[in-house]
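This report describes a single protein chain, going from the whole chain to its details.

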Amino acid sequence: LDGQPVDRYLDFIEESVRPWSYMKFPSLRHPAGGPGWYRVGPLARVQNVDRIPTPRAEAARQRFLAAFGHEPVHAVLATHWARMIEMLHAAEVIGRLLADDVLLGAGRGPLAWPMRAVAADTADREGVGVIEAPRGTLIHHYTIGADDRVTGCNLIVSTTHNNDAMQAAVRAVADEMFDGRVVTEGMLNAIEVAIRAYDPCLSCATHALGDMPLQVSIETADGRCLDRAWRHADGRIDHVD
């Protein structure tokens, strides 16, 4: 998608819905093999960028790439390593800004921020904006009616981009840890670790580590519940029939 006009994002991404989730599931329209889902965020950025323009962060990025033999890194928990590299880059940039003459007011006068005026009667009634945020890529698409009210809005935020990836991470935990009978505390913890790696913008992201309420249900193909485990905010775990 690099270099493509942002208003053509639907030429490359399609969205689907599933009856068991309120979130959409974006995927590539023409995947070059594989399931078509993708991931955004720190892990994707540190591998796709040509270089980080601060020395310590770039050195850390090179060590990261070398640790994986300069092969594509898909390990979910490697996201934390990538996030630390970006935090180091942010600290270096902050250090530079704190010594900037303009910010310190040393002889250059007040800051003049560029601004662009848009006429109220503009004929452009549809707009798409794409920006890279800490969690990953944000896509905002709006259409405006003749009465200047929003008539259509489509948002694909970072957590939505990563939705399929989070589902795959939970399935991987289940494949490794579920014994076919009962949901264990260890399995609940591993599910939380897998989800939190993506820093999702969901209600669970607002809770302190270890205090996240979590419910996991195990159902057969015909919908019969085998086990349902509920971990409360205080850490208690109940199994509900």
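The text below covers the chain as a whole, two helices, the salt bridges and one pair of buried residues.

## The chain as a whole

The model is predicted. Seven helices and eight strands make up its regular elements. The chain has 241 residues, and 29% of them count as buried. Its accessible surface is about 15,600 Å², with 58% of that area belonging to carbon and sulfur atoms. Of the contacts between residues at least 6 apart in sequence, 46% join residues at least 24 apart.

## Helix α2

Helix α2 runs over residues 55–67 and has 13 residues. From its first C-alpha to its last it reaches 18 Å, close to the 18 Å expected at 1.5 Å a residue. Its buried residues are Ala57, Glu58, Ala60, Arg61, Phe64 and Leu65. Because these residues cover an arc of only 160 degrees around the axis, they lie on the same side of α2. Their packing partners are α1 (42–48) and α3 (78–98). The other side of α2 carries the exposed residues Pro55, Arg56 and Arg63. Just after the helix comes glycine 69, with a positive phi of about 65 degrees.

## Helix α7

Helix α7 spans residues 185–196, 12 residues in total. At 1.5 Å a residue it should span 16 Å, so the 17 Å between its end C-alpha atoms agrees with expectation. Met187, Leu188, Ala190, Ile191, Glu192, Ala194 and Ile195 are the buried residues of α7. The elements that cover them include α6 (163–177) and three strands: β6 (214–219), β7 (225–231) and β8 (237–239).

Two residues of α7 also pair with each other. Arginine 196 and glutamate 192 are four residues apart in the helix, about one turn, and their side chains meet in a salt bridge. Is each partner buried or partly exposed? Arginine 196 has 21% relative accessibility and therefore counts as partly exposed. Glutamate 192 is at 6%, so it counts as buried. The cut-off between the two classes is 20% relative accessible area.

## Salt bridges

The structure holds 11 salt bridges. Three of them are listed here with their closest N to O distances.

| Basic residue | Acidic residue | N to O distance |
|---|---|---|
| Arginine 8 | Aspartate 11 | 2.7 Å |
| Lysine 24 | Glutamate 15 | 2.6 Å |
| Arginine 196 | Glutamate 192 | 2.7 Å |

In the pair of arginine 8 and aspartate 11, arginine 8 has a relative accessibility of 36% and so counts as partly exposed. Aspartate 11, at 37%, is also classed as partly exposed. The pair of lysine 24 and glutamate 15 can be described in the same terms. Lysine 24 is partly exposed at 23% relative accessibility, and glutamate 15 is partly exposed at 27%.

## Glycine 136 and histidine 161

Glycine 136 belongs to strand β4 (residues 136–144), while histidine 161 lies in helix α5 (residues 158–161). How far apart are their C-alpha atoms? The separation is 8.3 Å, although the two residues are 25 residues apart along the chain.

Both residues are buried, glycine 136 with a relative accessible area of 0% and histidine 161 at 2% relative accessibility. Leaving out residues up to four places away in sequence, glycine 136 touches Val40, Gly41, Arg45, Ile131 and Ser158. With neighbours within four places set aside in the same way, histidine 161 is in contact with Ile13, Pro26, Tyr38, Val40, Thr137, Ile139 and Ile156. Val40 is therefore a contact of glycine 136 and of histidine 161.

The side chain of histidine 161 also has a polar atom 3.4 Å from the backbone oxygen of threonine 137. Threonine 137 is one of the residues in contact with histidine 161, and its position falls within the range of strand β4, residues 136–144.

Technical notes:
Residues numbered from 1 in each chain as written. Predicted model: local features only at pLDDT ≥ 70, side-chain atom pairs only at ≥ 80, totals over all residues. Heavy atoms only, no water. Helix = DSSP H or I, 4+ residues; strand = E, 2+ residues; numbered from the N terminus. Expected span 1.5 Å × (residues − 1). Buried < 20%, exposed > 50% of the residue type's maximum accessible area, 1.4 Å probe, protein only. Arc of directions from axis to C-beta. Contact = heavy atoms within 4.5 Å. Salt bridge = Lys/Arg side-chain N within 4 Å of Asp/Glu carboxyl O. Areas by Shrake-Rupley, 256 points an atom, 1.4 Å probe, with all protein chains shown as cover. Polar contact = N/O pair within 3.5 Å; in protein donor to acceptor, adjacent residues only side chain to side chain.
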